[in-house]
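User: I am new to this structure. Please take a close look at one part of it, and then set that part beside a few others and the chain as a whole.

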Amino acid sequence: ISVKAKSFADREIRYTLKAQGQGAGTFNIGPTSGIVKLAKELDFEDLRQPHVYSLIVTATEDSGGFSTSVELTIRVTDVNDNAPKFELPDYQAHNVDEDIPLGTSILKVKATDADSGSNAEIEYLVSDDHFSVDSNGIITNTKQLDADNNNAYYEFVVTAKDKGEPSKTGTATVRIYTKNKNDEEPKFSQQVYTPNVDENAGPNTLVTTVVASDKDGDNVRFGFVGGGTSSGQFVIEEITGVIRLHGKAISLDRDKYELNVTAMDDGACCVNGDATIHTSTAVVVVFITDVNDNKPVFKDCGTYYPKVEEGAPNGSPVIKVHATDEDKGVNGQVKYSIVQQPNQKGTKFTVDEETGEVSTNKVFDREGDDGKFVSVTVKATDQGEPSLEGVCSFTVEITDVNDNPPLFDRQKYVENVKQDASIGTNILRVSASDEDADNNGAIVYTLSAPYSPSDLEYFEIQQESGWIVLRKPLDRETYKLEAMAQDKGYPPLSRTVEVQIDVVDRANNPPVWDHVVYGPIYIKENMPIGAKVVSVKASSGIDGNPTVFYHLMPGSTAQTNKFHTFYLQQRADNGFTWADIKVNHPLDYETIKEYNLTIRVENNGAQQLASEATVFIMLEDVNDEIPLFTEREQETVLEGEPIGTKVTQVNAIDKDGTFPNNQVYYYVVDSPRNEGKDYFEINLQSGEVFTKIVFDREKQGAYALEVEARDGSPSARPNSGGQPNS
């Protein structure tokens with residue numbers, strides 16, 4: 001401040017300053033200027049310094065003039081130059097229960113500010129939103145505390161701020177140590193678990209492990225909803241959470257199984273923790289994976305009796321087969337194929353691999369090599385890895401079409417008749433055969449005389465038997481007729497043959513056979529070529545002229561020696577001439593079982609007369625066919641299956657015509673190179689193959705098994721040493 005005094009005598013004035021009470025030397029005054037200045041620093045907070053200074057300023061005229069004084073009061077105001085200060089650098093609260101209600105007082109902090117007035121007014125702030133602090137420094141919780149995070153304590157900064165301009169602050173650290181309570185439930189690592197288990201899984205198979213943890217640090221125990229550690233075929237280990245199939249027999253027949261699992265804490269974390277137990281749940285969906293353990297099965301195989309008309313065009317439908325496979329997905333998808341039959345050239349049928357529609361693959365001839373019945377084997381293969389197979393064998397009947405005419409057993413008939421033969425005499429019998437079946441092969445005979453129509457007045461023919469009978473006395477030397485054989489098919493087929501009847505003098509006699517019919521003569525089908533079947537004899541019928549000539553008459557069918565299966569040799573013996581019938585070509589019971597031969601004998605008279613005899617030859621089956629397996633097989637068996645599990649059924653066919661030559665027995669080949677001989681056995685009669693041990697795929701993944709089919713009697717083949725064919 002500037003103090004000013006006025007001298008009425010216009011003299012120079014000098015100023016002096018003096019403190020009243022405290023504060024000497026704090027201020028000074030310019031002696032001539034009157035300006036009062038601060039002489040040393042002020043501190044409002046220094047208790048030794050007054051906040052109000054009372055000073056006396058004296059003005060004195062020079063040279064002993066007058067003087068006068070005035071009171072000067074100087075007030076000091078506070079400046080905000082002190083920050084608030086906490087009583088402690090850090091505050092701690094211990095054993096605070098984590099479950100205290102919101103708004104609970106936890107501790108009190110206190111800060112002071114040496115300033116005055118609003119510079120000393122303090123407000124508090126905290127740096128953690130779990131807490132708040134009021135103007136009195138009381139700290140309370142605004143959120144639920146948690147002893148399971150932050151290492152079980154909260155550390156934050158509390159700030160004290162004064163209301164000066166600008167304000168000043170002070171800080172302290174607060175640590176609040178919480179006490180654990182059992183307030184957390186166990187948490188599963190996932191809400192839904194989705195393990196896969198094979199449908200053929202055995203007892204005690206591991207399914208999955210569920211994991212749960214409890215932040216409180218409690219021990220967790222596992223179970224199924226509803227209590228207990230088992231649910232259906234599943235069990236859970238209480239401590240580990242491992243889920244397995246139970247130890248008894250297992251049958252997984254559904255696509256999936258849902259299990260509700262629980263995790264329960266035990267309160268071991270804290271004092272009285274077991275007063276509240278927490279439980280949480282999760283879902284385990286066990287998906288069942290299909291295993292390729294079912295073969296395709298032709299359930300209706302036993303009912304397949306299809307028919308195909310002979311001559312039907314290639315590709316004609318035969319039957320639709322169907323196999324089912326109980327497996328799912330590709331393991332149950334079936335594809336069809338035809339199994340090549342042994343010693344069969346090409347396949348006679350085809351099958352659509354998707355639909356199972358069987359069709360012909362050739363034009364069949366019932367009377368040819370195909371025969372009346374043709375066997376076919378269809379295979380169904382699933383698409384699993386490795387695949388499984390099922391087979392179905394059935395017989396296709398080739399139905400008859402009238403495609404064969406009747407065939408006479410001679411190319412021409414010639415017969416001698418005595419001139420005095422009486423009316424009604426049986427003169428000769430014409431005979432035809434027709435390979436077709438039923439009406440297509442039933443024959444009716446008729447007679448005509450195309451060369452000389454009047455010849456027909458003398459003869460008639462029996463429609464059914466083919467006997468030609470005399471109707472009227474003979475009065476010419478020769479007659480020429482034509483016999484016709486016609487079948488009853490639609491339309492009918494027919495053939496004709498020339499019949500010549502020669503009339504001989506009643507004094508002339510034809511040769512006389514010892515027997516008109518020989519046989520039936522039974523011979524083995526393996527009779528060697530050149531072997532004698534039978535010897536036959538006729539006498540000439542002329543006294544003193546015993547000469548006779550024999551002829552084997554070829555017929556028009558294989559059974560009547562069309563192909564010269566037999567031949568005839570004449571032999572003189574003791575004044576008689578014999579005819580030996582011998583084998584000319586190999587015989588086969590499986591192709592033709594019987595023969596009907598006609599032998600003609602002529603004498604050497606003036607009129608050569610002839611007679612005929614019939615020889616019936618019946619073949620006997622010998623064991624000359626080998627049983628042949630219908631296919632080489634690749635089969636699968638699951639590891640771990642019990643002893644006696646069926647693996648497959650093999651099938652061999654023996655084409656011999658009779659039992660026991662065509663009876664097949666099955667064996668496992670007993671040889672050191674037969675790898676599977678100690679591990680499998682075969683049913684002697686049925687060919688079913690069964691396991692003899694429990695297999696382990698990881699030890700060995702495949703076995704070659706050699707099986708043998710033997711027929712039921714000693715072999716008739718050369719060098720067989722009395723053993724069956726195999």
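**A strand pair and its setting**

Analyst: In this predicted model, R571 faces W578, a residue of strand β47. The partner strand is β46, made of residues 566-573, while β47 takes in residues 576-583. Eight bridges hold the pair together, and the two strands run antiparallel. Together β46 and β47 make a hairpin, with two residues between the strands. One residue in that turn, N574, has a positive phi of about 60°. As a general matter, strands of a sheet pair through backbone hydrogen bonds, in either a parallel or an antiparallel arrangement. In a regular strand, side chains alternate between the two faces of the sheet.

A second example of antiparallel pairing involves four strands. They form an open sheet, in the order β18-β23-β22-β21. Its edges are β18 (206-209) and β21 (230-231), each of which pairs on one side only. The partner of β18 is β23, residues 242-245, and three bridges join these two antiparallel strands. Within this pairing, T209 stands opposite V242 of β23.

Elsewhere, the model contains three cavities of 30 Å³ or more. The second largest has a volume of about 40 Å³. Its lining consists of L42, D43, F44, Q49, P50, H51, Y53 and V76. By class, five of these lining residues are nonpolar, two are polar and one is charged.

The hairpin and the sheet belong to a chain with 56 strands and zero helices. The chain's radius of gyration is 64 Å, well over the 27 Å that the globule rule gives for 726 residues, so the chain is more spread out than a compact globule. Along the principal axes, the C-alpha trace spans about 225 × 55 × 40 Å. Of the 726 residues, 41% count as buried.

An unreviewed UniProt entry carries the annotation "domain: Cadherin" for residues 12-86, 88-188, 189-298, 300-408, 409-513, 523-629 and 629-711. Two of these spans can be described further. Residues 12-86 are 0% helix and 47% strand, with end C-alpha atoms lying 58 Å apart. Residues 409-513 are likewise 0% helix and 47% strand, and there the end C-alpha atoms are 20 Å apart.

How values were computed: Residues numbered from 1 in each chain as written. Predicted model: local features only at pLDDT ≥ 70, side-chain atom pairs only at ≥ 80, totals over all residues. Heavy atoms only, no water. Pairing = 2+ DSSP bridges. 1 Å grid on protein atoms, 1.4 Å probe; cavity = no way out; pocket = protein on both sides within 12 Å on 5 of 7 lines; lining within 4 Å. Points joined across faces, edges and corners; volume = space filled by probe spheres on them. Nonpolar A, V, L, I, M, F, W, Y, C, P; charged D, E, K, R; others polar. UniProt positions renumbered as here; feature names shortened; annotations may be inferred. Rg over C-alpha atoms; globule rule 2.2 N^0.38 Å. Buried < 20%, exposed > 50% of the residue type's maximum accessible area, 1.4 Å probe, protein only.
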